[in-house]
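Trainee: I have a new protein model open and would love to learn how to read it. Could we go through it together?

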Amino acid sequence: METLVETKNLKTYFPILGGLLSRPIGAVKAVDDISLTVEKGQWMGLVGESGCGKTTLGKTILRFHKPISGHIYFDVPSDIKEQIETFEKGDKKSGKLRSLIKEYDLATYGYKKLNLMRKRMQLVHQDPYTSLNPRMRIGKTIGEPLVVHKLLRGSDVRQRVTELMDMVGLTEENYKRYPHQFSGGQRQRIAIARALATNPEFIIFDEPTSALDVSVQAQILELLKLLLTEQGLTYLYITHDLNVAQIVCDTIIVMYLGKIVEVGSAEEIFRAPVHPYSQALVLATPVPDPKRKRGRIVLEGEVPSPSNPPSACRFHPRCPRATEECKQEEPPLENRGNEHLVACWHPLN
């Protein structure tokens with residue numbers, strides 16, 4: 001498959017200010033040295049506990065947050081990425097390296113270049129009501145990206161908005177209504193329609209169904225599945241609901257405290273998770289069968305602060321399999337077979 005989005009050693013830190021002069025005294029390491037690849041047409045899931053950095057990673061990829069280091073590539077040819085990597089291993093002061101990074105690395109883009117990329121990459125927020133202007137009619141809300149990016153004007157905007165509304169299951173009669181006149185599921189459809197307005201190739205969903213009823217969740221997920229196929233889209237789906245991730249995602253990334261600890265197909269992650277943290281998450285997921293019983297791993301202690309994470313393996317203070325090796329050296333993300341990546345010195349199998 002062809003790669004659409006790739007990050008290399010991505011880091012996003014937020015400074016902690018203190019003292020009379022509000023100087024930096026530390027940093028919250030929300031995203032710490034993350035490398036991932038999203039293939040074209042893929043529905044990739046990103047799971048983990050609250051506060052692990054999922055949303056920050058998604059917003060960094062879209063450049064709502066500026067990383068302190070690392071690369072973000074969007075639809076960049078593999079030979080270009082290889083050239084950048086070769087230069088970085090050798091002549092880091094090369095003018096050619098600076099030129100390539102300036103042209104192809106999203107992490108370095110300024111306002112004008114980012115604005116052009118916004119048409120190709122979109123975000124759908126967790127709570128659609130907070131992302132919609134309560135004083136703006138939904139027809140204007142959906143059509144706003146078309147006007148901002150100067151893609152259409154006049155009657156063509158309304159025609160395109162009507163097409164988008166029909167695409168997500170809304171009728172033209174709703175064109176002049178306000179967000180408060182819709183249900184939660186309908187507002188999420190409005191947000192999806194707005195994200196589709198510029199014909200993007202890549203959409204990040206930040207827990208888009210967590211605030212919805214189960215029946216409405218199913219309808220939204222079916223809509224997303226249909227759009228993925230019909231519009232040729234690629235998704236990064238952020239969620240804490242592993243049941244949803246298991247149903248809809250091709251590949252799942254498990255995050256813990258700013259790090260990726262496991263990557264694998266949805267089937268592999270749920271059938272035989274390898275990292276102890278992944279297994280704890282899977283076993284904690286409820287199953288819709290009261291007669292079915294399964295074990296559970298109770299993780300001791302609280303999630304450490306991202307401003308002062310544990311040394312070496314970040315999971316070792318809570319891991320039932322931790323040894324001295326886990327406390328001294330950070331495990332790399334290694335292939336355990338069939339493109340199943342795990343960062344653990346003592347995996348479960």
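Trainee: Where does Ala-312 lie?

Mentor: Good place to begin, and keep in mind that this is a predicted model. Look for helix H12, which covers 276-283, and then for helix H13, which covers 324-328. Ala-312 lies in the loop between H12 and H13.

Trainee: Is Ala-312 buried or exposed?

Mentor: A residue is called buried when its relative accessible area is under 20%. The relative accessibility of Ala-312 is 16%, so Ala-312 counts as buried.

Trainee: What is the phi of Ala-312?

Mentor: Ala-312 is not a glycine, yet its phi is positive. The value is about 55 degrees.

Trainee: Which strand holds Asp-33, and is Asp-33 buried or partly exposed?

Mentor: Asp-33 is another residue other than glycine with a positive phi, near 65 degrees. Its place is in strand S2, residues 23-39. Partly exposed residues fall between the 20% and 50% limits. With a relative accessible area of 35%, Asp-33 in this strand is therefore partly exposed.

Trainee: How many residues of helix H1 are buried?

Mentor: Helix H1 spans residues 54-61 and is mostly covered. Its buried residues include Lys-54, Leu-57 and Ile-61. Just after the helix comes Arg-63, with a positive phi near 70 degrees. As for the count you asked about, 6 of the 8 residues in H1 are buried.

Trainee: Which residues does Ala-193 contact, leaving aside its neighbours within four places in sequence?

Mentor: First find Ala-193 in helix H8, residues 184-196. Its relative accessibility is 0%, so it counts as buried. Thr-37 lies 156 residues away in sequence and 26 Å away in space, C-alpha to C-alpha. With sequence neighbours within four places left aside, the contacts of Ala-193 are Ile-142, Leu-164 and Val-168.

Trainee: And which residues does Lys-96 contact, leaving aside its neighbours within four places in sequence?

Mentor: Lys-96 is in helix H3, residues 95-104. At 44% relative accessibility it counts as partly exposed. Asp-32 is 64 residues from Lys-96 in sequence and 27 Å from it in space, C-alpha to C-alpha. Leaving aside neighbours within four places in sequence, Lys-96 is in contact with Gln-83 and Phe-87.

Trainee: Which residues touch the most other members of the largest nonpolar core?

Mentor: That core has 56 residues. Apart from it lies another core, of 30 residues, among them Leu-114 and Ile-260. Ile-192, in the largest core, has contacts beyond its neighbours within four places in sequence that include Val-124, Phe-205 and Leu-227. The residues touching the most other members of the largest core are Trp-43, Ile-192, Tyr-235 and Ile-252.

Trainee: Now for the whole protein: what is its radius of gyration?

Mentor: The protein has 13 helices and 11 strands. For 349 residues the globule rule gives 20 Å, and the protein comes close to that, so it is as compact as a globular protein of that length. Its radius of gyration is 22 Å.

Trainee: What percentage of the contacts between residues at least 6 apart in sequence join residues at least 24 apart?

Mentor: Start from the contacts between residues at least 6 apart in sequence, then keep those that join residues at least 24 apart. The share is 64%.

Trainee: Last one: how far apart are the mean positions of the positive and negative charges?

Mentor: The protein has 46 positive and 41 negative charges, and each set has a mean position. Those two mean positions are separated by 7 Å.

Terms used
Residues numbered from 1 in each chain as written. Predicted model: local features only at pLDDT ≥ 70, side-chain atom pairs only at ≥ 80, totals over all residues. Heavy atoms only, no water. Helix = DSSP H or I, 4+ residues; strand = E, 2+ residues; numbered from the N terminus. Rg over C-alpha atoms; globule rule 2.2 N^0.38 Å. Contact = heavy atoms within 4.5 Å. Lys, Arg positive; Asp, Glu negative; His and termini not counted. Charge placed at Lys NZ, Arg CZ, Asp CG, Glu CD. Core = buried A, V, L, I, M, F, W, Y, C linked by side-chain atoms within 4.5 Å. Buried < 20%, exposed > 50% of the residue type's maximum accessible area, 1.4 Å probe, protein only.
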